[in-house]
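Here are a few exercises to work through with the model open beside you. Try each task before you read its solution.

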Amino acid sequence: MPTKLIYALFEARAASLLPGLLLATRRFDDAKLVLETFLAHLSDGLLPNRFPDERSEHEYHLADAPLLAILAVRATAEACNDWTWARAQLPALCSIVDAF
């Protein structure tokens, strides 16, 4: 999956679109990659809502995006029956909950 597409998927709360874009089409590895990419960039419990470019800082403005990401991780694990992968995301998910 192209990196620009990964970044575009989460802009403007796109976590809510993940089930229709990737899970319904059985693109489970792509869904996991999108979630892992954004969870790797957590800052104070927030996910970046925009990755401008390599020379700029990520933008963190949306409080609902990390909460949607928690639901997206669960939906992804359910869709592909990969609870081992979901457990690996728990540290990031717990940091979101702790920040709220």
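**Exercise 1. Surface and make-up of the chain**

Task: Work out the accessible surface of the chain and the share of it that belongs to carbon and sulfur atoms.

Solution: The chain's accessible surface comes to about 5,800 Å², and carbon and sulfur atoms account for 54% of that. Keep in mind that this is a predicted model. Next, look at what is covered: of the 100 residues in the chain, 38% are buried. Now go through the secondary structure. You should find six helices and zero strands, so to speak an α-α-α-α-α-α run when you start from the N terminus. Finish with the contacts: take those between residues at least 6 apart in sequence, and 56% of them join residues at least 24 apart.

**Exercise 2. A pair of helices**

Task: Decide how helix 3 and helix 4 are oriented relative to each other, then list the residues where they meet.

Solution: Start with the axes. Helix 3 covers residues 28–39 and helix 4 covers residues 64–80; their axes come within 10 Å and cross at roughly 155°. Angles over 145 degrees count as roughly antiparallel, which means helix 3 is roughly antiparallel to helix 4. As for handedness, the crossing of these two helices is left-handed.

Now for the residues. Helix 3 brings Phe28, Ala31, Lys32, Leu35 and Leu39 to the contact, and on the side of helix 4 they meet Ala69, Ala72, Val73, Thr76, Ala79 and Cys80. Sort them by class and you get nine nonpolar residues, one polar and one charged. The charged one is Lys32 in helix 3, while the polar one is Thr76 in helix 4.

**Exercise 3. Positive phi without glycine**

Task: For Asp44, find the phi angle and the place in the chain, then say whether the residue is buried or exposed.

Solution: Phi first: Asp44 isn't a glycine, yet its phi is positive, at about 55°. Then trace the backbone, and you'll find Asp44 in the loop between helix 3 and helix 4. Last comes accessibility. Exposed means over 50% relative accessible area, and Asp44 has 73% relative accessibility, so it counts as exposed.

Task: Do the same for Asn81: what is its phi, and which loop holds it?

Solution: Asn81 is another non-glycine residue with a positive phi, of about 55°. Its loop lies between helix 4 and helix 5, the latter being residues 83–88. With a relative accessible area of 60%, Asn81 is over the cut-off and therefore exposed.

Technical notes. Residues are numbered from 1 along each chain as its sequence is written. This is a predicted model: local features need pLDDT of at least 70, side-chain atom pairs count only at pLDDT 80 or more; totals for chains, interfaces and linings use all residues. Side-chain values use heavy atoms; hydrogens and water are left out. Axes are lines fitted to C-alpha atoms, for helices over the stretch in contact, and angles run from 0 to 180 degrees between N-to-C directions. Helices (H or I, at least four residues) and strands (E, at least two) are DSSP runs, numbered from the N terminus. Angles under 35 degrees count as roughly parallel, over 145 as roughly antiparallel, 65 to 115 as roughly perpendicular and the rest as oblique. A crossing is left-handed if the near helix is turned anticlockwise from the far one by less than a right angle, and right-handed if clockwise. Contact means heavy atoms within 4.5 Å. Buried means under 20% relative accessible area, exposed over 50%, partly exposed in between (1.4 Å probe, protein chains only). Accessible areas come from the Shrake-Rupley method with a 1.4 Å probe; for residues, only the protein chains shown count as cover.
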